[in-house]
Amino acid sequence: MIRFDIATLFPEMCEAVLGESIIGRARKKGLLEIRCHNIRDYSPDPKHHRVDDSPYGGGKGMVMQPEPIWQCYLDVVRQSGSKPHVIYLSPQGKTLTQQKALELREIPHLFLLCGHYEGVDERVLEKIVDEEISIGDYVLTGGELGAMVLVDSVARLCPGVLPSEECYENESHMNGLLEYPQYTRPEEWEGMRVPEVLLSGHHANIERWRMEQSVERTMKKRPDLLK
């Protein structure tokens, strides 16, 4: 079973998403473990729970202090009894891909650090972070959305979370192609019919059609993937 520990200033935000739908049901079944930690709980300021300060060298905005993050990390290590693989959600990181999600699925314990404000003190990043990951070439107000995207993309690949491996084996990006189009009842809607091949019951023809559609869609929408 994989364990995710999310260090964040907004644990309720993460719980609201990761406690629902497929991921929420998987948690209740004990198929995976997700814990959200409020970095403010580890602040050395017991009165105001401050976790940020102005940057050395000047500049606008605030920077997250290293000590609360460090103490949160140490607490997780104590709880689990081992060192987790630490990921900092950052626009400077490598872009999250399906292949990366498959790789992360094999790591039993992930610690996800969500930055905020103008970023995080570099010293704690150097001390604990194993890799930085981004969900795209743009900047968000914090790392929480990135962390939730990463958890969802990895968790759904874990055994038992989806009904079977077939649920994701032929999805977009699993084999370098985009997924073929999907249809369901009714057979005709607004004058548009389901392709006859899907109604034929001929599995070989259906598989051939799906592969052709995947290639055609990839050439049309993401020709860069065919390289």
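1. A word to start with: a helix here is a DSSP run of at least four residues, and helices are numbered from the N terminus. Keep in mind too that this is a predicted model. With that settled, helix α3 covers residues 66–80, and both W70 and Y73 lie in it. They are 3 residues apart, about one turn of the helix.

2. Now for the rings. Searching the whole structure turns up 2 aromatic pairs. One of them joins W70 and Y73: the centres are 5.8 Å apart and the planes meet at 25°, which makes this pair stacked. The cut-off for that label is planes under 30 degrees apart.

3. How exposed are these two residues? W70 is partly exposed, at a relative accessible area of 23%. Y73, by contrast, counts as buried, because its relative accessibility is 7% and the limit for buried is under 20%.

4. Y73 has another partner, F111. Their ring centres lie 5.7 Å apart with the planes at 90°, so this pair is edge-to-face. Y73 belongs to helix α3 while F111 sits in strand β6 (residues 109–114), so the contact ties together parts that are 38 residues apart in sequence. F111 is buried as well, with 0% relative accessibility.

5. Put the pieces together and you have one aromatic cluster made of W70, Y73 and F111. As you look at it in the model, find Y73 first: it stacks with W70 and meets F111 edge-to-face.

6. One last thing to look for is a charge beside the cluster's tryptophan. K127 lies over the face of W70, 5.0 Å from the ring centre.

Technical notes: Residues numbered from 1 in each chain as written. Predicted model: local features only at pLDDT ≥ 70, side-chain atom pairs only at ≥ 80, totals over all residues. Heavy atoms only, no water. Phe/Tyr/Trp six-rings, centres within 6.5 Å; stacked < 30°, edge-to-face > 60°. Helix = DSSP H or I, 4+ residues; strand = E, 2+ residues; numbered from the N terminus. Buried < 20%, exposed > 50% of the residue type's maximum accessible area, 1.4 Å probe, protein only. Lys NZ or Arg CZ within 6 Å of the ring centre and 35° of its normal.
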